[in-house]
Amino acid sequence: MVPQPRLLQEVYWMFDDGRQACSETIYHYAPHVGVVRAIARFILYDGEGLETVNRLVETDLKSALVQGKPISGGGGTSHS
């Protein structure tokens, strides 16, 4: 299996009360198709740097159509 090209996007920020957050999104691409899968994670840290929220959303975009045909690859969405 040939690995798909991917792009990682990370954003970090700090709230006025000292809490911090991180948003991370990974986009998987297929040649001549575009994005076929996206994984997003959101992490919230308290004022002491301890992780308080960690949410993951993953989809393979199987309902997307390319030239009128669905993109192959099973899956759906999951939340952790």
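Biologist: Let me start with burial. Of the 80 residues of the protein, what percentage count as buried?

Modeller: The buried share is 19% of the 80 residues. Do keep in mind that this is a predicted model. As for the surface, the protein exposes about 6,000 Å², and carbon and sulfur atoms supply 56% of that area.

Biologist: How do I read the fold? How many helices and strands does the protein have?

Modeller: There are zero helices and seven strands. Read from the N terminus on, the order is β-β-β-β-β-β-β.

Biologist: And what part of the contacts comes from residues 24 or more positions apart?

Modeller: Here you take the contacts with a separation of 6 or more, and residues 24 or more positions apart account for 19% of them.

Biologist: Let's go strand by strand. How many bridges join β1 to β2, and do the strands run parallel or antiparallel?

Modeller: Nine bridges join β1 to β2, and the two strands run antiparallel. For one pair to click on, take R6, whose bridge partner in β2 is H28. The two strands form a hairpin with five residues between them, and in its turn G18 has a positive phi of about 95°.

Biologist: Where does the chain go after β2, and how many bridges join β2 to strand β3?

Modeller: Strand β3 covers residues 34-45, and 11 bridges join β2 to β3 in an antiparallel pairing. Two pairs show the register: T25 stands opposite A40, and I26 stands opposite I39. This hairpin has three residues between its strands, with H32 in the turn at a positive phi of about 65°.

Biologist: Which residue takes a positive phi in the hairpin of β3 and β4?

Modeller: That residue is G49, with a phi near 85°, and five residues lie between the strands of this hairpin. Strand β4 spans residues 51-59 and pairs with β3 over eight bridges in the antiparallel sense.

Biologist: Now a single residue. Is T25 buried or exposed?

Modeller: To call a residue buried you need a relative accessible area under 20%. T25 has 13%, so T25 is buried. T25 lies in strand β2, residues 20-30. Leaving aside neighbours within four places in sequence, T25 is in contact with L7, L8, Q9, I39 and A40.

Biologist: A40 comes up again there. Which residues does A40 contact, leaving aside its neighbours within four places in sequence?

Modeller: A40 is in contact with E24, T25, R55, L56 and V57. A40 lies in strand β3, and its bridge partner in β4 is V57. With a relative accessible area of 29%, A40 is partly exposed.

Biologist: How far apart are A40 and E10, in sequence and in space?

Modeller: They are 30 residues apart in sequence and 9.8 Å apart in space, C-alpha to C-alpha. E10 belongs to strand β1, residues 6-14, and is partly exposed at 40%. Apart from neighbours within four places in sequence, E10 is in contact with S23 and E24.

Biologist: With which side chain does the side chain of E10 make a polar contact?

Modeller: Its polar contact is with the side chain of Y12, at 3.3 Å.

Biologist: What about charges? How many salt bridges does a search of the whole structure find?

Modeller: The general idea is that side chains of opposite charge can pair when their charged atoms come close. In this structure the search finds one salt bridge. The side chains of R19 and D17 meet there, at 2.9 Å from N to O.

Biologist: Why does D17 count as exposed and R19 as partly exposed?

Modeller: Exposed means over 50%, and partly exposed is the range between 20% and 50%. D17 is at 54% relative accessibility, so it counts as exposed. R19 is at 30%, so it counts as partly exposed.

Biologist: One last feature. Which residues make the nonpolar surface patch of about 220 Å²?

Modeller: The patch is made by L7, Y29 and V35. Take L7 as a sample: L7 is found in strand β1, and at 44% relative accessibility it counts as partly exposed. You met L7 earlier too, among the contacts of T25.

Conventions:
Residues numbered from 1 in each chain as written. Predicted model: local features only at pLDDT ≥ 70, side-chain atom pairs only at ≥ 80, totals over all residues. Heavy atoms only, no water. Helix = DSSP H or I, 4+ residues; strand = E, 2+ residues; numbered from the N terminus. Buried < 20%, exposed > 50% of the residue type's maximum accessible area, 1.4 Å probe, protein only. Contact = heavy atoms within 4.5 Å. Areas by Shrake-Rupley, 256 points an atom, 1.4 Å probe, with all protein chains shown as cover. Salt bridge = Lys/Arg side-chain N within 4 Å of Asp/Glu carboxyl O. Polar contact = N/O pair within 3.5 Å; in protein donor to acceptor, adjacent residues only side chain to side chain. Pairing = 2+ DSSP bridges. Patch = residues over 30% accessible without salt bridge, like charges linked within 9 Å, V, L, I, M, F, W, Y side chains within 5 Å.
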